[in-house]
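Welcome! Take a moment to turn the model around on your screen, and then we will walk through it together, one region at a time.

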Amino acid sequence: MLDRIYGERDRKRGPERTLLWLVSEVGEVSEVLIKGKSSGSSYEVELADALAWLLSFANVVGVDVEEAFLKRYGSGCPRCGSIPCICPER
Ligand SMILES: [Zn+2]
């Protein structure tokens, strides 16, 4: 869906600038955590935007995130293989 909406524009922008936008959006998620409602936004909005930029970045670098996610996490934790994870907390 994101590729259909922004794919052409994202590819023109390139991976470096798209990654900068992603990092900026993650920063806006942290602003909601720090400032709460006075940030003028919400987790719902900022997480959706951060996810959209993550998906745009994946599209630009040619990664199918759904496939990659299932390959890595589809059978549980990639380190211990369990659901739920039983790795020591980090
Ligand atoms: Zn684990």
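Is Cys80 buried, partly exposed or exposed? Cys80 counts as partly exposed, because its relative accessibility is 28%. Keep in mind as we go that this is a predicted model.

Cys80 is a good place to begin, since its SG atom is one of the protein donors of the zinc ion. The other donors are the SG atoms of Cys77, Cys85 and Cys87, and the donors lie 2.2 to 2.4 Å from the metal. If you follow the chain through this site, you will find the donor residues spaced in the pattern C-x2-C-x4-C-x1-C. How are the 4 donor atoms arranged around the zinc ion? They subtend angles of 103 to 117 degrees, so the arrangement is tetrahedral. For comparison, the ideal angle for four tetrahedral donors is 109.5 degrees. Cys85, like Cys80, falls into the middle class of accessibility: Cys85 counts as partly exposed because its value is 44%.

Now let us turn to charged side chains. Side chains of opposite charge can pair when their charged atoms come close. In this model the count comes to 4 salt bridges, and we will visit some of them.

Start in helix 1, which covers residues 2-13. Here the side chains of Lys12 and Glu8 meet in a salt bridge, with 3.9 Å from N to O. The two residues are 4 residues apart, about one turn of the helix. Lys12 counts as exposed because its relative accessibility is 69%, and Glu8 is exposed too, with a relative accessible area of 58%.

Helix 1 also holds the pair Asp10 and Arg13. Their closest N and O atoms are 2.8 Å apart, and the two residues form a salt bridge. Because they are 3 residues apart in the helix, about one helical turn separates them. Are these two buried or exposed? Both Asp10 and Arg13 are buried, whereas Lys12 is exposed.

Moving along to helix 2, look for Glu31 and Lys35. They form a salt bridge whose closest N and O atoms are 3.8 Å apart. Being 4 residues apart, they too are separated by about one helical turn. Glu31 is partly exposed, with a relative accessible area of 35%, and Lys35 is also partly exposed, at 47%.

Stay with helix 2, which runs over residues 15-35, and find Pro15, which lies in this helix. Pro15 is partly exposed, with a relative accessible area of 31%. Which residues does Pro15 touch, leaving out those up to four places away in sequence? They are Phe57, Val60 and Val61. Glu44 makes a useful landmark here: the C-alpha atoms of Pro15 and Glu44 are separated by 25 Å, and these residues are 29 apart along the chain.

Our last stop is on the surface. Leu33, Ile34, Tyr43 and Leu47 make a nonpolar patch of about 450 Å². Which helices supply its residues? Helix 2 and helix 3, the latter covering residues 43-60, each supply at least two of them. Leu33 has its place in helix 2, and this residue counts as exposed because its relative accessibility is 61%.

How values were computed
Residues are numbered from 1 along each chain as its sequence is written. This is a predicted model: local features need pLDDT of at least 70, side-chain atom pairs count only at pLDDT 80 or more; totals for chains, interfaces and linings use all residues. Side-chain values use heavy atoms; hydrogens and water are left out. Patches are made of residues with over 30% relative accessible area and no salt bridge: like charges are joined within 9 Å, nonpolar side chains (Val, Leu, Ile, Met, Phe, Trp, Tyr) within 5 Å. Accessible areas come from the Shrake-Rupley method with a 1.4 Å probe; for residues, only the protein chains shown count as cover. Buried means under 20% relative accessible area, exposed over 50%, partly exposed in between (1.4 Å probe, protein chains only). Donors are N, O and S atoms within 2.8 Å of the metal (3.2 Å for Na, K and Ca); water is not among the atoms, so sites may look incomplete. Four donors count as tetrahedral if all angles lie between 85 and 135 degrees; four count as square planar and six as octahedral if opposite donors are over 155 degrees apart and all others between 65 and 115; anything else is irregular. Contact means heavy atoms within 4.5 Å.
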